[in-house]
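Visitor: Please take me through one part of this protein in close detail. I would like to look at its aromatic rings and how they pair.

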Amino acid sequence: MLVTGRQGHQARAAALGRLRRQQGGATQAAITADHGCPDVVCAHAGVVGVQKVQDYDLLDFDRLMSVNLRGSFVLAQVASRAWLAAGVPGQVIFTSSWVHAVPWPEITPYAASKAGLIAFTSSLR
């Protein structure tokens, strides 16, 4: 995640992939203390595993979804709360992938996570 502040071209990176909601709030507080309310937040995280569905470990699947989808959800939740509290607009930018639309059996969980991110992003309007 990158955050730009209203005062200029400042940026901060924070790992949100596996955060619980309470930790997201602590991250929001740290970001706003350092930079003020952000103008833009960006999520570019992603992990991929290469195995067919029948061989994919469930813990690896959970880790992938945590980074690729949950982290973006937490980011959107934290950022939108900050913007609403400050009464200012903001922008969220997520990086997805084209693979959600291409049959690729060895990376099905990755493709599903990116398709979910596209659906999530479309619903944020």
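Guide: Here is the aromatic part, with its setting first and two surface spots after it.

This is a predicted model: local features need pLDDT of at least 70, side-chain atom pairs count only at pLDDT 80 or more, and totals for chains, interfaces and linings use all residues. Residues are numbered from 1 along each chain as its sequence is written, and side-chain values use heavy atoms, with hydrogens and water left out.

The protein has three helices and four strands. Their order from the N terminus is β-β-α-β-α-β-α. Helices (H or I, at least four residues) and strands (E, at least two) are DSSP runs, numbered from the N terminus.

Now the rings. A pair of aromatic rings is described by the distance of the centres and the angle of the planes. Rings of Phe, Tyr and Trp (its six-membered ring) pair if their centres lie within 6.5 Å; planes under 30 degrees apart count as stacked, over 60 as edge-to-face and the rest as tilted. The structure contains three such pairs.

One of them joins Phe73 and Phe120. The centres are 5.7 Å apart, the planes are at 50 degrees, and the pair is tilted. Phe73 sits in helix 2 (residues 58–86) and Phe120 in helix 3 (residues 108–123), so this pair ties together parts 47 residues apart in sequence.

Phe94 and Phe120 also pair. Their centres are 6.0 Å apart and their planes at 40 degrees, so this pair is tilted. Phe94 belongs to strand 4 (residues 91–94) and Phe120 to helix 3, so parts 26 residues apart in sequence are tied together.

Phe73, Phe94 and Phe120 make up one aromatic cluster. Phe94 and Phe120 are buried, while Phe73 is partly exposed, at 41% relative accessible area. Buried means under 20% relative accessible area, exposed over 50%, and partly exposed in between (1.4 Å probe, protein chains only). Of the 125 residues in the protein, 37% are buried.

Next, the loop between strand 4 and helix 3. Val102 is placed there. Val102 is partly exposed, with a relative accessible area of 36%.

Last, Lys52. This residue is in the loop between strand 3 (38–43) and helix 2. Lys52 is partly exposed, at 40% relative accessible area. Leaving aside neighbours within four places in sequence, Lys52 is in contact (heavy atoms within 4.5 Å) with Pro105 and Glu106. Lys52 and Thr108 are 56 residues apart in sequence and 7.3 Å apart in space, C-alpha to C-alpha.
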